[in-house]
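Please open the model in a viewer and keep the selection tool at hand. The stops below are best taken in order.

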Amino acid sequence: RRVLFRSVLRVAGVFTSEEFSPHPVETRFASTHYSRLYLAPLFGSDPWEEKVDGKFGVAESWTFLPGARGIELKLRKGLTFANGEPITAKDVVFSIKLFSSRFAEDQVAASLRGIDLKFEIIDDHNLRILFAKGAVTFAQEFSTLVFPLFVTSEKHHSNGEITQETIDRFKAAPLSAGPYKVVSRQGQQ
């Protein structure tokens, strides 16, 4: 006789002005601690949240281009979304575009748009992001220390469409990118 166990992690939190949302662009700063359980940040920080650390994000390492006019990212191999699909450079580019959209937190979106980003995908695990102006603090600013950029699946997010309808569809059937899968949620309770 086989007995199957399902691991469950229940997380409760006090969110003063927000309803919990499993969509990464609706994850406000007050709930980033919980969001890191089911979302994968592009740039992670150490467990004490003192510095950006390549061991804790999708970006394993990065190198700034001369004059900080861009950054080359090497993505960690073997990372997957909860459905088993690999996290790729294409998903990173989509996620940054999603966080630059009008549906994202205003401060994050405005900061990203102000840098005027251009993308070059080298392969599934390497990409180059070019900045119109130097952005020497890019990794720090968009890490879990300041304005976290979480990586989501372009394919699962309506094949890269960014509209209110696709955000609502993703919220109804979220796809996590971490060790946990969001199976249920209750807002304001």
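The tour goes from a helix to a cavity, then to a histidine, a further helix and a pocket.

**First stop: helix α2**

The model is a predicted one. Select residues 89–100, which form helix α2. From the first C-alpha to the last, this 12-residue helix reaches 17 Å, close to the 16 Å expected at 1.5 Å a residue. Because 10 of its 12 residues are buried, α2 is largely enclosed by the rest of the structure. To see the buried residues, display Ala89, Asp91, Val92, Val93, Phe94, Ser95, Ile96, Leu98, Phe99 and Ser100. Next, add their packing partners: the strands β3 (70–75), β4 (117–123), β5 (126–131) and β6, together with helix α3 (106–115).

**Second stop: the cavity**

Keep Phe99 of α2 on display, as it is among the buried residues just listed. A search of the whole structure finds 1 cavity of 30 Å³ or more. Of the 11 residues lining the largest cavity, the closest to its centre are Thr27, Phe99, Glu105, Val108 and Pro148. The space inside amounts to about 60 Å³. By class, the lining of the largest cavity comprises 9 nonpolar residues, 1 polar and 1 charged.

**Third stop: histidine 157**

Now select histidine 157, in the loop between β6 (150–151) and α5 (164–172). Is histidine 157 buried or exposed? It counts as buried, because its relative accessibility is 0%. Which residues does histidine 157 touch, leaving aside those up to four places away in sequence? They are His23, Phe94, Leu98, Thr166, Ile167 and Phe170. Two of these contacts, Phe94 and Leu98, are buried residues of α2, while Thr166, Ile167 and Phe170 are the buried residues of α5.

**Fourth stop: helix α5**

Move on to α5 and colour its buried residues, Thr166, Ile167 and Phe170. They lie on the same side of α5, because they cover an arc of only 100° around the axis. An α-helix has 3.6 residues a turn, so residues three or four places apart point the same way. Turn the view to the other side of α5, where Glu165 and Ala172 are exposed.

**Last stop: the second largest pocket**

Finally, go to the second largest pocket, whose volume is about 220 Å³. Select Arg36, Pro41, Gly44, Ser45 and Phe56, which are the closest to its centre of the 16 residues that line it. The lining of this pocket has 7 nonpolar, 5 polar and 4 charged residues.

Methods:
Residues are numbered from 1 along each chain as its sequence is written. This is a predicted model: local features need pLDDT of at least 70, side-chain atom pairs count only at pLDDT 80 or more; totals for chains, interfaces and linings use all residues. Side-chain values use heavy atoms; hydrogens and water are left out. On a 1 Å grid over the protein atoms alone, a cavity is a set of points where a 1.4 Å probe fits but cannot get out, and a pocket is an open set with protein on both sides within 12 Å along at least five of seven lines; lining residues have an atom within 4 Å of a point. Grid points are joined across faces, edges and corners, and a volume is the space filled by probe spheres set on the points. Ala, Val, Leu, Ile, Met, Phe, Trp, Tyr, Cys and Pro count as nonpolar, Asp, Glu, Lys and Arg as charged, and the others, Gly among them, as polar. Helices (H or I, at least four residues) and strands (E, at least two) are DSSP runs, numbered from the N terminus. Buried means under 20% relative accessible area, exposed over 50%, partly exposed in between (1.4 Å probe, protein chains only). Contact means heavy atoms within 4.5 Å. The expected span of a helix is 1.5 Å times one less than its number of residues. The arc is that of the directions from the helix axis to the C-beta atoms.
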